[in-house]
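Me: I would like a close look at a single part of this protein. Please take one strand, together with its sheet, and describe its neighbours and the contacts of its side chains.

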Amino acid sequence: MKHFTKLLLAALYISTLALTGCFHIIEEASFKSNGSGSYKMTLDLSSVKGMVDMLKSMSEEGKDQGGEKDASDEAPDMGGAPDTDISKMASEMSQVAQSLKGIAGLTNVQEIYDTTTFTFGYAFDFTDVAALNKAMKTINKEKYENDVEEVFRFKNGNFERLDVGDIGAEMKKSMAKSEETEGAPDMEMFKSFFGDMSYKQVYHFPDATVKKSSNPLSQISGDGRTVTIMLKPFDEEMMKDNPKVGTSVKLK
């Protein structure tokens, strides 16, 4: 997964072709009172599907008519073209599941690879938070080459999501590095175009009620059992407040 963030840049480029910045990353976890639960990470590229299908169709029509095909005719193929960046990105996202299989305390590990909705990712159940943190350590090391020992805490009626493993920050860091090379995408262009791109965290507590969440971006559901935090890494107004992914939640 060393090139995962580069592949995310490819997804952003495809979004540019589709004239939309609606590119979403969703982290969702559920925690029962005994510390067990489930976790899912998805990459939603549904907004670019129409453009990808159109480019692919145009490429196929050109071949049928015997026209010459060049790099500009290539459409990202989500159905089995391993040499395209978008295909590699989706495959690497879903194949995280393979790295998680065998970790003690994880069960029902699944790949999410839906070419109908252009949604990709992975999901699993965990027996306790220690097992969840082992999974997060593996994921962070493979995707971002970061050694993160602990991401979540859940004890004595308190939940904490530490301020580490910020996907949006990792993407921006990769963009900054790529901008230094010739032909790299312009950071300012991405900032303006992808202002609506989101990284959403959703935390469910089916056995408890949320009393308070420390992150100012927190939204608590009407039944008090879910906390949602939405960050937009390229929204300059939001970034002025230096938003964080971390939060401490008091439960009752």
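Reply: The account below concerns strand β6 and its surroundings in a predicted model.

The protein chain contains eight helices and eleven strands. Of its 252 residues, 46% are buried. Contacts between residues 24 or more positions apart make up 63% of those with a separation of 6 or more.

Strand β6 belongs to an open sheet of four strands, ordered β5-β6-β11-β8 and paired in the antiparallel sense. The edges of this sheet are β5 (152-155) and β8 (210-213), each of which pairs on one side only. On average, neighbouring strands are turned by 15° against each other, direction ignored.

On one side, β6 pairs with β5 through four bridges, again antiparallel. These two strands form a hairpin with two residues between them, and asparagine 156 there adopts a positive phi near 50°. Across this pairing, glutamate 160 in β6 has arginine 153 opposite. On the other side, β6 (residues 158-161) and β11 (residues 247-251) are joined in the antiparallel sense over four bridges. Here asparagine 158 has lysine 250 as its bridge partner, and phenylalanine 159 lies opposite valine 249.

The side chains of β6 alternate between the two faces. Phe159 and Arg161 point to one face and are buried, whereas Asn158 and Glu160 point to the other and are not buried. Each face has a salt-bridging residue, and the two can be taken in turn.

On the buried face, arginine 161 forms a salt bridge with glutamate 27, with the closest N and O atoms 3.5 Å apart. This pair connects distant parts of the chain, since glutamate 27 is in strand β1 (residues 24-31) and arginine 161 is in β6, 134 residues away. Both charged residues fall under the 20% cut-off for burial: glutamate 27 counts as buried because its relative accessibility is 1%, and arginine 161 counts as buried because its relative accessible area is 2%. Strand β1 itself lies in the other sheet, an open one of seven strands with mixed pairing and the order β3-β4-β2-β1-β7-β10-β9. The salt bridge thus has one partner in β1 and the other in β6.

On the opposite face, glutamate 160 meets arginine 153 in a salt bridge, at 3.5 Å from N to O. As noted, these two residues also stand opposite each other in the pairing of β5 with β6. Arginine 153 counts as partly exposed, at 38% relative accessibility, and glutamate 160 is likewise partly exposed, at 27%. Together with Glu150, they are linked in a network of salt bridges. In total, the structure holds six salt bridges.

A further salt bridge involves the loop between α5 and β5, where glutamate 149 is located; its partner, lysine 137, is in helix α5, twelve residues away. The side chains of glutamate 149 and lysine 137 come to 3.0 Å, N to O. Glutamate 149 is exposed, with a relative accessible area of 55%, while lysine 137 is partly exposed, at 31%.

The hairpin partner strand and helix α5 also lead to the nonpolar interior. The largest nonpolar core has 45 residues, and Phe152 is among those that touch the most other members, along with Phe31, Tyr39, Leu100, Tyr122, Phe124 and Phe205. Helix α5 (residues 129-144) gives the most to this core, with six residues.

Technical notes:
Residues are numbered from 1 along each chain as its sequence is written. This is a predicted model: local features need pLDDT of at least 70, side-chain atom pairs count only at pLDDT 80 or more; totals for chains, interfaces and linings use all residues. Side-chain values use heavy atoms; hydrogens and water are left out. Two strands pair if DSSP finds at least two bridges between them. Axes are lines fitted to C-alpha atoms, for helices over the stretch in contact, and angles run from 0 to 180 degrees between N-to-C directions. Buried means under 20% relative accessible area, exposed over 50%, partly exposed in between (1.4 Å probe, protein chains only). Contact means heavy atoms within 4.5 Å. A nonpolar core is a set of buried Ala, Val, Leu, Ile, Met, Phe, Trp, Tyr and Cys residues joined through side-chain atoms within 4.5 Å. A salt bridge is a side-chain nitrogen of Lys or Arg within 4 Å of a carboxyl oxygen of Asp or Glu.
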